[in-house]
Amino acid sequence: MSIDISPRVLRYFLAVADELHFGRAAARLYISQPSLSHQIRKLEETLGTPLFVRSSRRVQLTAAGRTLAQEAPAALTALERAVELTRRAGSGRTATIRLGYSPIASFGTLTALLAAIAEDHPGLTVDARELFSAEIPERLHAGDLDLGLALSPPTPDGVAVELVRAERVAAIVGVGHRLAAAAEIPLADLRDETLLLFPRHLAPAYYDGIVAACRQAGFTPRLCVFDEPPVSAMLSRLAAGREVGLAPASFTEHAAKAGTGVTHRDVVAPSIPAEFSVLWPTTERSPVIADVVATIRRHAARHGWLDGGPGPGPAIT
């Protein structure tokens with residue numbers, strides 16, 4: 001059986017429970033005492049149990065009244081929060097955004113953007129979820145995410161993509177590797193090395209760009225595909241082995257500074273581009289998404305992430 005009790009009546013009850021005096025509670029609520037007494041009686045009839053023991057001298061809570069006094073505040077808080085979140089979502093001021101990011105963005109790029117978002121939008125919660133770049137557009141299209149941060153992502157219909165960081169690919173090797181002593185590494189010097197990469201389907205454009213650059217340098221790379229590991233596992237393998245990892249320079253620099261037993265070196269002749277993009281569904285007209293994308297644009301411009309790259313991308317309307 002459903003029971004229809006309004007938040008207003010619960011507030012009336014809590015005022016009486018707090019004061020244990022109908023006159024003082026009525027004054028606190030700015031209503032007449034007869035009206036308050038009537039509302040409490042209706043509440044007791046609805047619940048089918050008395051909530052107060054009344055006498056000419058005092059008012060006391062019954063066992064049922066004490067239970068309601070304990071449970072009602074949490075119920076009211078939950079209801080008020082639900083109403084506020086609904087209003088925020090309806091007006092585009094949602095309190096939480098779901099951000100999918102590529103694991104390779106977790107060093108340098110993601111941390112900087114989260115800090116910028118927190119500074120510009122202190123009331124906003126970012127629910128960050130680690131996904132591979134190829135997954136992010138489809139998850140946005142399906143409505144599972146609000147924003148994405150991906151490495152050279154595909155661009156299906158219904159998803160907007162804007163470049164936010166254009167950089168180069170660098171080599172990451174164990175500190176004992178023969179190439180660790182080089183100031184920089186010509187790409188042709190990787191001819192006889194095994195390159196450790198994630199599977200192509202996780203970031204096809206990025207993977208294909210590396211293979212094409214190696215062929216331009218005159219060789220077909222020997223690849224070792226490391227199936228869907230956490231980034232920490234890849235770094236541990238590079239630190240302990242003889243393979244060479246290739247990753248965006250922002251990632252390799254932060255990984256080396258983290259004391260993981262690896263170092264990084266620029267790859268030249270030719271250099272290989274790496275591009276991080278922010279993505280959002282074109283069906284989403286939320287002002288908060290537009291505001292967050294604007295924050296990301298400002299941060300990218302302020303820190304030179306797009307030096308030599310294209311200007312601002314499509315507007316969110």
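**Figure 1. Phe52, a buried ring, and its aromatic partner.** In this predicted model, Phe52 is buried, with a relative accessible area of 3%. Which ring pairs with that of Phe52? Look for Phe22: the two ring centres are 5.9 Å apart and the planes stand at 70 degrees, so this pair is edge-to-face. Phe22 belongs to helix α2 (residues 22-29), while Phe52 belongs to strand β1 (residues 52-54), so the pair ties together parts that are 30 residues apart in sequence. Phe22 also counts as buried, at 8% relative accessibility. A third ring joins the picture, as Phe13, Phe22 and Phe52 form one aromatic cluster. In the whole structure, a search finds four aromatic pairs.

**Figure 2. The largest pocket, with Phe22 in its lining.** Stay with Phe22 and you will meet an open space: the largest pocket holds about 190 Å³. Which residues of its lining come closest to the centre of the pocket? They are His21, Phe22, Gln33, Ser55 and Val59, out of 13 residues that line the pocket. Helices α2 and α3 (33-47) each supply at least two residues of this lining. The largest share, three residues, comes from α3. By class, the lining of the largest pocket has three nonpolar, six polar and four charged residues.

**Figure 3. Phe132 and Phe198, an aromatic pair between two loops.** Phe132 counts as buried, at 14% relative accessibility, and Phe198 counts as buried too, at 18%. Phe132 and Phe198 form an edge-to-face pair, with 6.0 Å from centre to centre and 65 degrees between the planes. Where do the two residues sit? Phe132 lies in the loop between β4 (125-130) and α6 (136-141), and Phe198 in the loop between β8 (194-197) and α7 (204-216), so the pair ties together parts that are 66 residues apart in sequence.

**Figure 4. The largest cavity, with Phe198 in its lining.** The structure holds two cavities of 30 Å³ or more, and this view shows the largest, with about 230 Å³ of space. Phe198 turns up again here, as one of the residues closest to the cavity centre, together with Ile104, Leu151, Ala203 and Tyr206. In total, 20 residues line the largest cavity. Which elements each supply at least two of the lining residues? They are β8, α7 and β10 (244-248). The lining of the largest cavity divides into 16 nonpolar residues, three polar and one charged.

**Figure 5. The second largest cavity, lined in part by helix α5.** This cavity has a volume of about 50 Å³. Leu99, Leu110, Leu113, Leu114, Ile117, Gly148, Leu149, Val278 and Ile296 line the space. Two elements give two or more residues to the lining of the second largest cavity: α5 (109-120) and β5 (147-151). The largest share comes from α5, with four residues. How many residues of each class are found in this lining? There are eight nonpolar residues, one polar and no charged ones.

**Figure 6. Helix α9 and the parts packed around its buried residues.** In helix α9 (residues 249-257), the buried residues are Ala249, Ser250, Phe251, Thr252 and Ala255. A helix feature helps when reading such a list: an α-helix has 3.6 residues a turn, so residues three or four places apart point the same way. Which elements do the buried residues of α9 pack against? You can trace contacts with α5, β6 (159-174), α8 (231-240), β10, β11 (262-268) and β12 (273-281). Just after α9, Gly259 takes a positive phi of about 70 degrees.

**Figure 7. Cys214 and Cys224, two cysteines in no disulfide.** How many disulfides does the structure hold? The count is zero. Cys214 is in no disulfide, and the nearest cysteine sulfur, that of Cys224, is 15 Å away. Cys224 is likewise in no disulfide, with the sulfur of Cys214 as its nearest cysteine sulfur. A disulfide needs two cysteine sulfur atoms within 2.5 Å. Cys214 counts as buried, at 0% relative accessibility, and Cys224 counts as buried at 18%.

Note on methods:
Residues are numbered from 1 along each chain as its sequence is written. This is a predicted model: local features need pLDDT of at least 70, side-chain atom pairs count only at pLDDT 80 or more; totals for chains, interfaces and linings use all residues. Side-chain values use heavy atoms; hydrogens and water are left out. Rings of Phe, Tyr and Trp (its six-membered ring) pair if their centres lie within 6.5 Å; planes under 30 degrees apart count as stacked, over 60 as edge-to-face and the rest as tilted. Buried means under 20% relative accessible area, exposed over 50%, partly exposed in between (1.4 Å probe, protein chains only). On a 1 Å grid over the protein atoms alone, a cavity is a set of points where a 1.4 Å probe fits but cannot get out, and a pocket is an open set with protein on both sides within 12 Å along at least five of seven lines; lining residues have an atom within 4 Å of a point. Grid points are joined across faces, edges and corners, and a volume is the space filled by probe spheres set on the points. Ala, Val, Leu, Ile, Met, Phe, Trp, Tyr, Cys and Pro count as nonpolar, Asp, Glu, Lys and Arg as charged, and the others, Gly among them, as polar. Contact means heavy atoms within 4.5 Å.
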